Amino acid sequence: MPVKLFGKKHELSLLKAMFMNGRMPHGIIFTGENGIGKRTLALYCASLMMCSFAENGEPCGKCLSCKKIEDGQHPDLIYARGDKYTKDSIRAIVRDSYYKPNDGSIKVYIFTDCEELTDEYQNLLLKIIEEPNDSCRYIFTCESPSVILDTVMSRLIHIPLEGMTEEECASCLKYLGMEQDKAVRLSAIYGANPGKALKAAEDEQLIRLNEAAEDLAKRIAENDEYGALLIISSFTERKEIFALVSQLYDIVCRALAGSGYLSGGAKALSGALTVKALYSLGEALLANIGKRKLNVSVKLMHCELCSELFSSILNC
Ligand SMILES: [Zn+2]
């Protein structure tokens, strides 16, 4: 079976088009938030590049090369990072790229977490990227392309990853072995990001907090101050309340940005509040985060927080 992907229709159609037109580039960079599947897509892309019987722009999943990649044992698929990037490891990659592939006709180097590639390391790599050897392909992944030097970036095809839907995220989590109910529950919170969902999966406290922040956002959108107070009051530890505030701030920022995946809470807020009200709510939350050291009773904190949030959106 080829490397399994969820969502990624746009990214796959780009890869397919390049492959079918015989224009598969020597260097590609996938960017986007951590946890959304950049590594898996890099692996898929490597399979496509190395597959012996790729058809219609897709790896066959059956040939020896595809099998070896699936088993993590392809000698010509090289994860450049290893434990971490060092000057020596980068130099070794540059040297290695001049040797012929072991198995087939090409070698693929995958550079994950390119935030860790210093300017010096990128400059060392520049030569092999600028004058690529016919038998080498380079795939890079990082959160933001801003960490890549212009000289390197200009040699790469940049494919930013789009988010997935909640359903695709749930299918991905189920595929990775999560129970149906939990997969659906976590997808409602972490929608576009199965990586985040997996990280949170073992931390019931964090899931509860994230769910409460989503609910709180919805209560604010519905102007239900009493409902909001009930949610806030269910947290009795100061640090939990601050974590809730900070999580809600994140949701408000997403609602303001209005792009990419919007969780239920962010969607409700962006539908119900004006931009001015969202800003004002965000400022009230920030002010609350700043109050971290104030020594007020927890009960008072609940009431103050709730009233500050609702007055911030009044008349906006
Ligand atoms: Zn194959």
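Two strands are taken to pair if DSSP finds at least two bridges between them. On that basis, this predicted model holds an open sheet of five strands, arranged in the order β2-β3-β4-β1-β5 with parallel pairing. The edge positions belong to β2 (77-79) and β5 (157-160); each has a single partner strand, so one side of each is left without a neighbour in the sheet. From one strand to the next, the twist averages 20 degrees.

Within the sheet, β1 (residues 27-31) and β4 (residues 136-142) are joined by five bridges in the parallel sense. Phe30 has Thr141 of β4 as its bridge partner.

A helix pair adds a second feature. The axes of α12 (residues 238-257) and α13 (residues 264-272) come within 8 Å and cross at roughly 55 degrees. This angle makes α12 oblique to α13, because angles of 65 to 115 degrees count as roughly perpendicular and those under 35 as roughly parallel. The crossing of α12 past α13 is right-handed. On the α12 side, the contact involves Ile251, Val252, Arg254 and Ala255, which meet Gly265, Ala266, Leu269 and Ser270 of α13. By character, the residues of this contact comprise five nonpolar, two polar and one charged.

Confidence in the model is summarised by a mean pLDDT of 92 for the protein, with 98% of the residues scoring at least 70. The extremes among the elements are tabulated below.

| Element | Residues | Mean pLDDT | Rank in the protein |
|---|---|---|---|
| Helix α8 | 180-190 | 90 | lowest |
| Strand β3 | 107-111 | 97 | highest |

How values were computed. Residues numbered from 1 in each chain as written. Predicted model: local features only at pLDDT ≥ 70, side-chain atom pairs only at ≥ 80, totals over all residues. Helix = DSSP H or I, 4+ residues; strand = E, 2+ residues; numbered from the N terminus. Axes fitted to C-alpha atoms, helices over the stretch in contact; angles between N-to-C directions. pLDDT = per-residue confidence, 0-100. Parallel < 35°, antiparallel > 145°, perpendicular 65-115°, else oblique. Left-handed = near helix turned anticlockwise from the far one by under 90°. Contact = placed C-beta atoms within 7 Å. Nonpolar A, V, L, I, M, F, W, Y, C, P; charged D, E, K, R; others polar.
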